[in-house]
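Colleague: Thanks for sitting down with me. Could you show me the model, and then we can talk it through?

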Amino acid sequence: MNNFILPLVLISLGHFFIDFYGNILPGLMPAITKNLGLSMTLSGLLFTMLSITSSWLQPFFGYLGGRFRAPLVLAISVMISAVFMAMVGVANSYIFLLVMVTLAGIGSSLYHPIGSVSIATLSTKNQGFIMALYITAGTVGMTLAPISATLSKNAFGFKGLLLLGLPGITAGIIMLIYKNQLSSPGSLKISPDRRSSLFHTHFKYLVLMVIVVGFRTWVLSTFTIYTTMFYVSRGLSEAASSGILSLFLLFQSIGGIAGGFVSDRIGVKKTLIYSALVSIICLVVFFNIQGPVSIACLLLSGALIQSAFPGSVVLAQRLYPQNPSIATGFMQGFTFGMGGLGGLFTGVLSDALGGNLFIAMMSTIAFLGVSLAGSLMVPMTGENQTKGIEEIGVN
């Protein structure tokens, strides 16, 4: 049991800090936009560049994952994110800020494919729930990041962000100390004679999963980037607006754990369909009313949209078993990359509409509808579409 718990805790701890540093910017964007005089387009470009290095590079690092010493890479990647994102606190120009954010994203691209596969090999049972715990650790980091960055900036100025880099560097050092315990007890295996046929049979479903989950991430990223600015524009303080964003991210954590448990029971496809349908209803209500009910609908939509992600990652690894690191890289890389493009799209659309952020954010409902339509074509886990998946096991 100890051999199982320690790697789970350490790898999840690293994921916490990776996603923490990847989400420091949203809480600071109102102040950064004001200080540097940025348009919504330039603000969105920051997140797009962060997305390119933190997400789009994941399939590449996933492909190379088997050639790296995974424990060493996991530890170093946490420190990379911590150091460069902390440097945002001393950025006095847009170019310097853009470079620091871009470099910080490399840590995320290194960590996610290797960390997810390491978690998946800890057990053959309840993989959706185990993946949910790992993903939720990251989502908790996302939750704490905006409000932590805002409070740090309010207390110490932007240079206070340098202090936020210390916990991540410390976590990386701890992971280096226990690097031998980070080695997973097994690896995903499949009989060699089935690899080629399974790849050709299921690659189309892997692409479909990227599209379906990518548009869901598009919606989550848009709200993560612009919720603070949205509420500030409605008269709320930066602290209160960051608090709502943190609650939104917290509910994603709750949704991830619940969704991992549910997908183990009813399957990924049903989880995708039901959660997308109800979240669309919640967002329609959110945009048409104000007050506590509106905020409640926003929080519930975040939980529902995130709920299918843990099971989707596990299914993707099963659909491409000859190299689950690549599958993970596609799912977490390209889907997060689509999220970054969604943020840029919303910023450009808002500027085109004369700064109407409300209408720009409302467009996310249409993309969530596209995801719902694609979910109808996702294979049912355990049925004929995934024949051969049962051969995967922990050796």
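Modeller: Before we start on this predicted model, one term: pLDDT is the predictor's confidence in each residue, on a scale from 0 to 100.

Colleague: Good to have that in hand. Which element has the highest mean pLDDT?

Modeller: Over the whole protein the mean pLDDT is 81, and 85% of the residues reach 70 or more. Among the elements, strand E2 (residues 393-394) has the lowest mean, 30. At the other end of that ranking, with a mean of 94, is helix H12 (residues 292-307).

Colleague: And where does pLDDT stay under 50?

Modeller: One such stretch is residues 382-395, where the model has 40 contacts beyond near neighbours in sequence. Another has 37 contacts beyond four places in sequence, and this one is residues 185-199.

Colleague: Let's look at the overall make-up. What share of the residues is buried?

Modeller: The secondary structure comes to 16 helices and 2 strands. Taking contacts between residues at least 6 apart in sequence, 85% join residues at least 24 apart. The protein has 395 residues, and the buried share is 58%.

Colleague: How many residues of helix H13 are buried?

Modeller: Helix H13 covers residues 309-319 and is largely enclosed by the rest of the structure. Its buried residues include Phe-309, Pro-310, Val-313, Leu-315 and Leu-319. The count behind that description is 10 of the 11 residues.

Colleague: Which residues does Thr-335 touch, beyond four places in sequence?

Modeller: Thr-335 is found in helix H14 (residues 324-352). Its relative accessible area is 0%, so Thr-335 is buried. Phe-309, which is also one of the buried residues of H13, is among its partners. The full list is Val-210, Val-213, Gly-214, Thr-217, Phe-309 and Phe-330.

Colleague: Now a loop residue. Is Asn-23 buried or exposed?

Modeller: Asn-23 lies in the loop between helix H1 (2-21) and helix H2 (25-36). Leaving aside neighbours within four places in sequence, Asn-23 is in contact with Met-142, Ala-145, Pro-146 and Thr-224. Buried means under 20% relative accessible area. Asn-23 has 12%, so the answer is buried.

Colleague: How far apart in space are Asn-23 and Thr-139?

Modeller: In sequence, 116 residues separate Asn-23 from Thr-139. In space, C-alpha to C-alpha, the separation is 9.7 Å.

Colleague: On to charges. Which residue pairs with Lys-153 in a salt bridge?

Modeller: The structure holds 1 salt bridge. The pair links distant parts of the chain, 85 residues apart, with Lys-153 in helix H7 (residues 127-156) and its partner in helix H10 (residues 238-266). Lys-153 counts as buried at 14% relative accessibility, whereas the partner is partly exposed at 27%. The N to O distance is 3.2 Å, and the partner is Glu-238.

Colleague: How is H10 oriented relative to H12?

Modeller: The axes of H10 and H12 are 7 Å apart, at an angle of about 40 degrees. Angles under 35 degrees count as roughly parallel and 65 to 115 as roughly perpendicular, so this angle falls in neither class. H10 is therefore oblique to H12.

Colleague: And what is the handedness of the crossing of H10 and H12?

Modeller: On the H10 side the contact includes Gly-255, Gly-256, Gly-259 and Gly-260, while on the H12 side it includes Ser-301, Gly-302 and Ala-303. The crossing is right-handed.

Colleague: How are H5 and H6 oriented to each other?

Modeller: Helix H5 (residues 70-86) and helix H6 (residues 94-120) pack with axes 8 Å apart, at about 155 degrees. Angles over 145 degrees count as roughly antiparallel. H5 passes H6 in a left-handed crossing, and the orientation is roughly antiparallel.

Colleague: One last pair. How do H11 and H16 lie relative to each other?

Modeller: The axes of helix H11 (residues 268-288) and helix H16 (residues 364-375) come within 9 Å and cross at roughly 160 degrees. Among the residues that meet are Leu-272, Ile-273 and Ala-276 in H11, and Ile-365, Leu-368 and Gly-369 in H16. The crossing of H11 past H16 is left-handed. At that angle the two helices are therefore roughly antiparallel.

Terms used
Residues numbered from 1 in each chain as written. Predicted model: local features only at pLDDT ≥ 70, side-chain atom pairs only at ≥ 80, totals over all residues. Heavy atoms only, no water. Salt bridge = Lys/Arg side-chain N within 4 Å of Asp/Glu carboxyl O. Helix = DSSP H or I, 4+ residues; strand = E, 2+ residues; numbered from the N terminus. Buried < 20%, exposed > 50% of the residue type's maximum accessible area, 1.4 Å probe, protein only. Contact = heavy atoms within 4.5 Å. Axes fitted to C-alpha atoms, helices over the stretch in contact; angles between N-to-C directions. Left-handed = near helix turned anticlockwise from the far one by under 90°.
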